[in-house]
Amino acid sequence: MNRFLDRPIVALLTSHWLSMLGSGLVTTAAISWLLVLPLQMRGHVDNPYLGIILFVALPILFVAGLVLIPAGTFLARRRVRLGLATTPDRPAAIRRFATFLAVTTVANVVIASQLTYRAVEHMETAQFCGQTCHVMAPEMAAYQNSPHSRVACVDCHVAPGAGGWFSSKVSGVRQLMGVTFNNYERPIASALESGRLVPASQTCENCHWPQGSGSVKFQVIPNFADDEANTATQTVLMMMVGGAKGAGGIHGAHFGPGVNIRFAPGDKKRQSIPWVEYSNEKTGTKRTYLATDAKPEQVTALPRVQMQCVDCHNRPTHTFELPERAVNRALSAGDLATGLPFLKKKAVEILRVEYGSSAEAGQKIPAALAEYYRGQYPDLFAKRGDAIADAGRQLAAIYQRNVFPDLKVTWGTYANNLGHTDSPGCFRCHDEAHVAADQATIKQDCASCHELLAVEEPAPEVLKTLGLAGKIAQSQKQ
Ligand code: HEC
Ligand code: HEC
Ligand code: HEC
Ligand code: HEC
Ligand code: HEC
C-alpha cells in the first residue's frame, strides 16, 4: 500500500488505458463545465435544458472518469503482480503522461470550442425547445402560427438574472425526468396554472412598453353561417386598448399610474375569480369586490396575485383555436372554398369528432368530407373533386395543429382569456356580480371596452363608409 502511495501521480494515471480514459473524461467534463457555466452566467444562453448538460450529462462523465482511474490502476497493479507486465520506470511514465496530456488537450480544445458551443447554440433555438421534445408539440404548433413566431421561447420562459437562471435549470432537469420516466402530466398544465410562468414585467415588458400612448384597434372579425351558401358576415369593432399614461382605455384601467389590481383565483386555471381588490393611489379609491356567489370565509383562504399582462394575454403565442373560429378564418383567408355548399357546417362537425391520433385524423378527415359530397352532391363532387380534396387537407391541418390526442390536448383545453365569447375571459370579473361594500360593481358596459360598429352583418355600413366594403374579404376563394 505504501509503495502504491509513493508512486508518482503520473505513473498512477498512465499505468492502464482505463485510467487514461478516466482522466480524459474527468478533464473533458471539468473543462466543458467551466466553459459552459460562465457563458450561462453572463446571460448569453438561458435555455433550461442546458441544465441537462450541466447538471446531468457532464457530472455523469465526471464521476464515470473518477471510477475508471482507480479501476485502471487496480488492473495495472494486478498485471504487475501476476508478472504480465513490469512496473513502468519514471522517465517512461512521464513520457507517456506528456503524450497523454497533449492528446487530451487537443481533444478538449476541439470538444469545448466546437461541440459544446454548437450544442449550447442549438439549445437556444425554438427548434430545440419545441421539436426535440415531443411533449412541447402543441405549444410549438400554436407558436409557429402566432405573432411571436420569431421570438425565442426563452424570452418568455426564462427570467433574466441568476435566480431565473437557476430555477430554469432545475425545472429543465425535472422535465427531462418526467419525459424519461414517462410520468409527465397530460395535458401539461398551463404555465400560469403550475405557477411557473415568469412574471410579465420580466418578459413581455422587455419588448412592449406598457405606458405606450393610447390607441384604439380596429378589428374586423369574419363569420360564416351554417347555411348552404356559407353566408359571410362581419363583426366590426373598435377596441379601446388605451395606454397607461393618461390615455385610459383597457390598459389604462388596469395599470395606469397609481392603479393596482390584485385578485384571488378560485381555481388553478384561474377561470373563476371570486375576490378582486382595486386601488388607485391618485384618486385615493380602494375597493374590494366579492363575487355574489362566493362566501367570504372561503375567499380568505385563497392565494392573492397581482394582475399582470398574462392575466388577459395568456395566449399571446400558444393561441389554440376553436373549430368555428378556425374554419371562419380559413374560409376568410381563401384556404377553404366558400363555394362548397354547407362547408362551414360540415367542416365544424367533422372537426368535432374524436380521432385516435394525428395520423388517423389526417386520413379520416379528408375521407369524411369527400364522402359527404360524394353522397349529397355527386355532380359537384365530379366537377370540384380537387377543391374538396384540398379542403379535406386544410381541415386535417387545422385539427393537427390544435388537437393532440396522445397528449390529451383537445379543443378548448387551453382557454384564451382575451375576450368573453369563447371562454369567460374578461367576464370572470366584469360580470356586474362582483360587488364592493359601496354596492359598486365591476361593470359590463359594452362600450367601455369596445365600440361595436357591426355584429355579424353581411355588408356592414361602416366598412362602406371607410371605403373597405368587399376589400377585406378579397382573399376568399369560390
Ligand atoms: C410571447 C411569449 C412566449 C413565447 C415566445 C413562448 N411562450 Fe410558452 N407560454 C407563454 C405563456 C404566457 C404561457 C402561459 C399560458 C397560460 O398559463 O395560460 C406559456 C405556456 C407554455 C407551456 C405550458 C402549456 C401551455 O400551453 O400553457 C409550454 C409547454 C410552453 N409555453 C412552451 C413553449 C415553447 C416550447 C416555446 C418556443 C417554441 C414557447 N413556449 C414560446 C408565453 C410564451
Ligand atoms: C422578444 C420580444 C417580445 C417579447 C418578450 C414579447 N413580445 Fe409580444 N410581440 C413582439 C413583437 C415583435 C410583436 C409584433 C409581431 C408582429 O407585428 O408581427 C409582438 C406582438 C404582440 C401582440 C400583438 C399581437 C397581434 O395580434 O397583433 C401582443 C398582444 C403581444 N405581443 C403581447 C405579448 C405578451 C403578453 C408577452 C409576454 C407574455 C409578449 N408579448 C412578449 C415581441 C415580443
Ligand atoms: C385587462 C386586460 C389586459 C391587460 C392586463 C393587458 N392587456 Fe394588452 N390588450 C388587451 C386587449 C383587450 C387588447 C386588444 C386586443 C385585440 O383585440 O386584439 C390588447 C392589446 C394589446 C397589444 C396590441 C396593441 C395594438 O394596438 O395592436 C399589445 C402589444 C398589448 N396589449 C400588450 C400588453 C402588455 C405588454 C401588457 C402588460 C403590461 C398588457 N397588454 C396588459 C387587454 C389587456
Ligand atoms: C381580475 C379581474 C379583472 C379582469 C379579468 C378584467 N378586469 Fe377590467 N377591470 C377590473 C377592475 C377591478 C376594474 C376597475 C373597476 C373600478 O373602477 O372599481 C376594471 C376596469 C376596466 C375598464 C374600465 C371600465 C370603466 O368603466 O371605466 C375596462 C375598459 C376594462 N376593465 C376592460 C377589461 C377587459 C377588456 C378585460 C379582458 C381582456 C378585463 N377588463 C379583464 C378587473 C378585471
Ligand atoms: C370588459 C370588457 C368587455 C366588455 C364589458 C364587453 N366586451 Fe365584448 N369583447 C371584449 C374583448 C376583449 C373582445 C375580444 C376581441 C378580440 O377577439 O380580440 C370582445 C369581443 C366581442 C365580440 C366579438 C366576438 C367574436 O366573434 O369574436 C362581440 C360581438 C362582443 N364582444 C359583444 C359584446 C357585447 C354585446 C357586450 C355588452 C354586453 C360586450 N361585448 C361587453 C371585451 C369586452
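## Two packed helices

Helix 14 and helix 15 are oblique to each other, because an angle that falls outside the ranges for roughly parallel, roughly antiparallel and roughly perpendicular counts as oblique. In this predicted model, helix 14 covers residues 323-333 and helix 15 covers residues 343-352, and the two pack at an angle of about 135° with their axes 9 Å apart. The crossing in which helix 14 passes helix 15 is right-handed.

## Salt bridges within helix 15

Glutamate 349 takes part in a salt bridge with lysine 345, where the closest N and O atoms are 3.8 Å apart, and these two residues of helix 15 are four residues apart, about one turn of the helix. Glutamate 349 also forms a salt bridge with lysine 346, with the closest N and O atoms 2.8 Å apart, and this pair is three residues apart in helix 15, so about one helical turn separates them.

Glutamate 349 is partly exposed, with a relative accessible area of 37%, and lysine 345 is partly exposed with a relative accessible area of 37%, whereas lysine 346 counts as buried because its relative accessibility is 19%, and buried means under 20%.

## A salt-bridge network

A network of salt bridges links Glu321, Arg329 and Arg401. Within it, glutamate 321 and arginine 329 form a salt bridge whose closest N and O atoms are 3.4 Å apart; glutamate 321 counts as buried at 7% relative accessibility, while arginine 329, at 47%, counts as partly exposed.

## A nonpolar surface patch

Phe62, Val63, Leu66 and Val67 make a nonpolar surface patch of about 340 Å². Phenylalanine 62 belongs to helix 4, residues 50-81, and counts as partly exposed at 32% relative accessibility.

Methods:
Residues are numbered from 1 along each chain as its sequence is written. Chains are lettered from A and ligands numbered from 1 in the order in which they are written. This is a predicted model: local features need pLDDT of at least 70, side-chain atom pairs count only at pLDDT 80 or more; totals for chains, interfaces and linings use all residues. Side-chain values use heavy atoms; hydrogens and water are left out. Patches are made of residues with over 30% relative accessible area and no salt bridge: like charges are joined within 9 Å, nonpolar side chains (Val, Leu, Ile, Met, Phe, Trp, Tyr) within 5 Å. Accessible areas come from the Shrake-Rupley method with a 1.4 Å probe; for residues, only the protein chains shown count as cover. A salt bridge is a side-chain nitrogen of Lys or Arg within 4 Å of a carboxyl oxygen of Asp or Glu. Buried means under 20% relative accessible area, exposed over 50%, partly exposed in between (1.4 Å probe, protein chains only). Axes are lines fitted to C-alpha atoms, for helices over the stretch in contact, and angles run from 0 to 180 degrees between N-to-C directions. Angles under 35 degrees count as roughly parallel, over 145 as roughly antiparallel, 65 to 115 as roughly perpendicular and the rest as oblique. A crossing is left-handed if the near helix is turned anticlockwise from the far one by less than a right angle, and right-handed if clockwise.
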